[in-house]
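Student: I should like a close look at a single part of this assembly. Could you please take me through one interface in detail?

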Amino acid sequence: MLELRLVQGSLLKKVLDAIKELVKDANFDCSTTGFSLQAMDSSHVALVSLLLRAEGFEHYRCDRNLSMGMNLDNMAKMLKCSGNDDIITIKADDGSDSVTFMFESPTQDKISDFEMKLMDIDSEHLGIPEAEYHAIIRMPSAEFAKICRDLASIGDTVVISVSKEGVKFSTRGDIGAANVVLRQNTTVDKPEEATIIEMNEPVSLTFALRYMNSFTKATPLSNIVTISLSSELPVVVEYKIAEMGYIRFYLAPKIEEDEDETKPEV
Amino acid sequence: MLELRLVQGSLLKKVLDAIKELVKDANFDCSTTGFSLQAMDSSHVALVSLLLRAEGFEHYRCDRNLSMGMNLDNMAKMLKCSGNDDIITIKADDGSDSVTFMFESPTQDKISDFEMKLMDIDSEHLGIPEAEYHAIIRMPSAEFAKICRDLASIGDTVVISVSKEGVKFSTRGDIGAANVVLRQNTTVDKPEEATIIEMNEPVSLTFALRYMNSFTKATPLSNIVTISLSSELPVVVEYKIAEMGYIRFYLAPKIEEDEDETKPEV
Amino acid sequence: MLELRLVQGSLLKKVLDAIKELVKDANFDCSTTGFSLQAMDSSHVALVSLLLRAEGFEHYRCDRNLSMGMNLDNMAKMLKCSGNDDIITIKADDGSDSVTFMFESPTQDKISDFEMKLMDIDSEHLGIPEAEYHAIIRMPSAEFAKICRDLASIGDTVVISVSKEGVKFSTRGDIGAANVVLRQNTTVDKPEEATIIEMNEPVSLTFALRYMNSFTKATPLSNIVTISLSSELPVVVEYKIAEMGYIRFYLAPKIEEDEDETKPEV
């Protein structure tokens with residue numbers, strides 16, 4: 001039997017909004033340690049990894065490991081019916097082919113239960129090894145979202161270049177070219193407004209803006225985003241979920257065939 | 001001659017917004033007692049009944065009974081041109097084939113008049129007898145609107161079931177099933193947040209959500225909605241209009257042919 | 001070399017939003033006195049004239065007169081990438097076929113540059129002589145925008161009639177007719193809420209509402225609009241740009257062929 005009670009239910013709505021553009025159907029894996037998901041996007045280019053730790057739930061009961069296949073659009077539809085201050089409980093009986101989302105209003109005067117059929121989804125769990133990165137950028141998530149959105153109005157790809165001075169996001173398209181430079185900045189009033197760059201060696205990598213823009217759907221989950229870059233590894237774009245876990249997006253860099261033509265100077 | 005002066009003109013805009021989705025053309029009936037409308041929706045399934053009493057107008061002159069056929073979309077278009085604080089006067093000469101809406105800004109610096117052609121519309125006035133209902137639910141109108149909207153994302157019909165414990169709204173669709181239970185609740189800070197259930201006998205009736213959702217377009221008119229249910233009668237969904245009258249929607253229950261399949265358990 | 005630095009960069013965004021619906025491609029003319037544009041709309045009915053004086057810029061360097069052909073949609077796309085508090089600098093090298101927009105955040109932590117290709121656009125500069133007008137209306141720009149929007153829901157043209165009492169905006173369409181009368185009003189708390197009518201002789205002119213509604217896209221630039229009318233001249237709809245210049249729209253009146261039918265009484 002599974003019963004997970006989350007006081008801050010709106011968080012689950014935000015998690016679904018963060019991943020449902022990228023992934024249509026996925027298995028949620030439940031174990032004694034937490035509620036997690038790992039899935040490739042439909043074109044098998046990006047990977048999403050979600051973890052909500054058991055300790056973050058008010059009540060967490062998971063008698064045995066369970067993998068529940070869900071259609072994320074339908075799940076999001078049901079979660080949208082919860083109130084913003086509702087407590088959400090996820091319930092499933094052993095061997096059942098359905099899951100129930102229960103929403104309780106703070107005053108307990110309104111209780112809703114939404115039952116959704118589960119699906120059988122083939123999936124393989126990829127081991128993601130811990131790695132060393134050439135550069136790690138920690139910046140305001142809203143700023144990163146604006147940059148990705150702005151550059152997508154000019155071009156299709158973004159070159160992210162890290163040097164000692166800062167980080168540069170560049171693109172080029174039919175109507176022109178754009179460069180956005182952020183300087184390292186730790187002397188801000190609020191820690192979440194800092195831009196902090198840890199660099200072991202300079203790095204410059206190209207990514208599809210379409211995926212980056214999908215990742216930024218997670219912006220409401222955290223004020224801060226962390227971008228980890230290495231020339232041999234997929235980029236990791238991570239949003240921490242306060243006191244519960246994280247959502248991480250992985251995307252392989254594009255290999256530029258004709259660097260002089262398409263890649264802005266760093 | 002007809003001249004009806006309504007200080008709170010924005011109320012008339014809200015009335016039109018409440019009924020124009022359901023009814024396209026209708027007769028507004030004017031008599032010494034008030035300004036009223038009764039109309040079936042275009043598929044002849046639901047009935048709307050509106051009353052604005054003469055006492056609610058700052059000035060009310062209606063020399064003889066008058067029935068004015070109007071296209072509600074056009075009327076709404078014209079009313080949308082009034083300012084939110086404008087005084088609205090409805091004027092018509094005897095035997096005229098047009099009606100004039102006059103809008104006066106609070107400072108009297110701007111005066112608009114919009115003249116609209118009247119239409120000939122066949123209509124029969126149905127007598128609606130006072131009736132006894134098995135159960136009457138009085139609840140926040142915004143809550144009722146959210147429940148109808150939420151359930152419509154899952155299924156096409158809603159079963160409303162009243163018992164001593166409370167009222168349950170249920171639906172079922174391709175992606176799953178949903179139940180929303182509201183408990184009677186009279187100990188709230190603000191009287192308009194109460195949910196009050198008067199029950200003579202338990203009742204469980206099924207309605208098309210499409211119509212329920214149309215009725216909730218009247219939500220801006222009142223914080224409270226009253227739902228009167230009886231197994232032999234159409235449901236009445238009523239929104240009171242402060243110090244003026246009401247708007248009431250009538251809808252016959254659906255007869256379920258295969259209860260086990262389509263009707264959630266009560 | 002050209003280098004124009006505008007501290008209140010958001011103003012340039014508003015200028016583009018004001019004209020890009022009317023004009024697709026246009027030459028921006030740069031001289032020692034200022035940054036200006038004159039262009040006909042694509043159907044050669046309306047004329048836009050923009051002036052941003054050199055004194056309004058924090059830094060203004062223009063070594064020799066320069067005419068830069070730009071696609072306004074693309075320019076607006078790039079300016080939309082600036083932050084609302086950003087400083088915008090327009091830069092071009094002599095003989096270059098591109099222009100660069102540089103955006104600096106107030107804290108200087110983010111610096112973006114957007115480079116756009118220039119176009120060759122044929123244009124003739126019309127001399128617009130100073131003229132005497134029969135009537136000049138100075139009114140709140142938001143009120144003018146609402147009137148144009150409201151009347152466009154009823155008809156296609158607006159008759160603007162000025163008399164001693166005030167100004168009347170009238171239209172007529174399939175669903176009816178509308179008149180909006182504004183009285184002269186100088187005794188208001190805030191000067192920008194005044195409606196002031198200077199009249200040498202009564203005037204009544206008809207204009208296409210479609211163009212008037214395009215002109216009102218400039219409303220965010222100024223609280224006040226000035227409408228100058230003369231029976232022999234195009235109307236001038238002017239929005240002042242604080243401490244910098246103006247944007248003026250010119251539109252020829254329509255000649256009514258059958259006045260009795262289509263022109264509401266004045």
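Tutor: What follows is an account of the interface of chain C and chain B, with a short remark on the nonpolar core. The model is a predicted one.

At this interface, 17 residues of chain C are in contact with 17 residues of chain B. Between them the two chains bury about 1400 Å², and 48% of that area lies on carbon and sulfur atoms. On the side of chain C, 35% of the area buried against chain B is supplied by C:Ile175, C:Asn179 and C:Arg183, more than by any other three residues.

As for polar interactions, the count between chain C and chain B is 1 salt bridge. C:Glu143 forms a salt bridge with B:Lys110, in which the closest N and O atoms are 2.7 Å apart. Across the interface, 8 residue pairs are found in polar contact.

Two elements of chain C, helix H3 (141–152) and strand S13 (176–183), each supply at least two residues of the side that touches chain B. The largest share comes from S13(C), with 8 residues. By class, this side of chain C comprises 9 nonpolar, 4 polar and 4 charged residues.

Turning to the interior, the largest nonpolar core has 243 residues, and C:Phe169 and C:Met212 are among those with the most contacts inside it. Leaving aside residues up to four places away in sequence, C:Met212 touches C:Phe144, C:Cys148, C:Val158, C:Ile160, C:Phe207, C:Val235, C:Val237 and C:Leu251. In soluble globular proteins, nonpolar side chains tend to be buried together.

How values were computed: Residues numbered from 1 in each chain as written. Chains lettered and ligands numbered in written order. Predicted model: local features only at pLDDT ≥ 70, side-chain atom pairs only at ≥ 80, totals over all residues. Heavy atoms only, no water. Core = buried A, V, L, I, M, F, W, Y, C linked by side-chain atoms within 4.5 Å. Buried < 20%, exposed > 50% of the residue type's maximum accessible area, 1.4 Å probe, protein only. Contact = heavy atoms within 4.5 Å. Buried area = accessible area lost by both parts, 1.4 Å probe. Salt bridge = Lys/Arg side-chain N within 4 Å of Asp/Glu carboxyl O. Polar contact = N/O pair within 3.5 Å; in protein donor to acceptor, adjacent residues only side chain to side chain. Helix = DSSP H or I, 4+ residues; strand = E, 2+ residues; numbered from the N terminus. Nonpolar A, V, L, I, M, F, W, Y, C, P; charged D, E, K, R; others polar.
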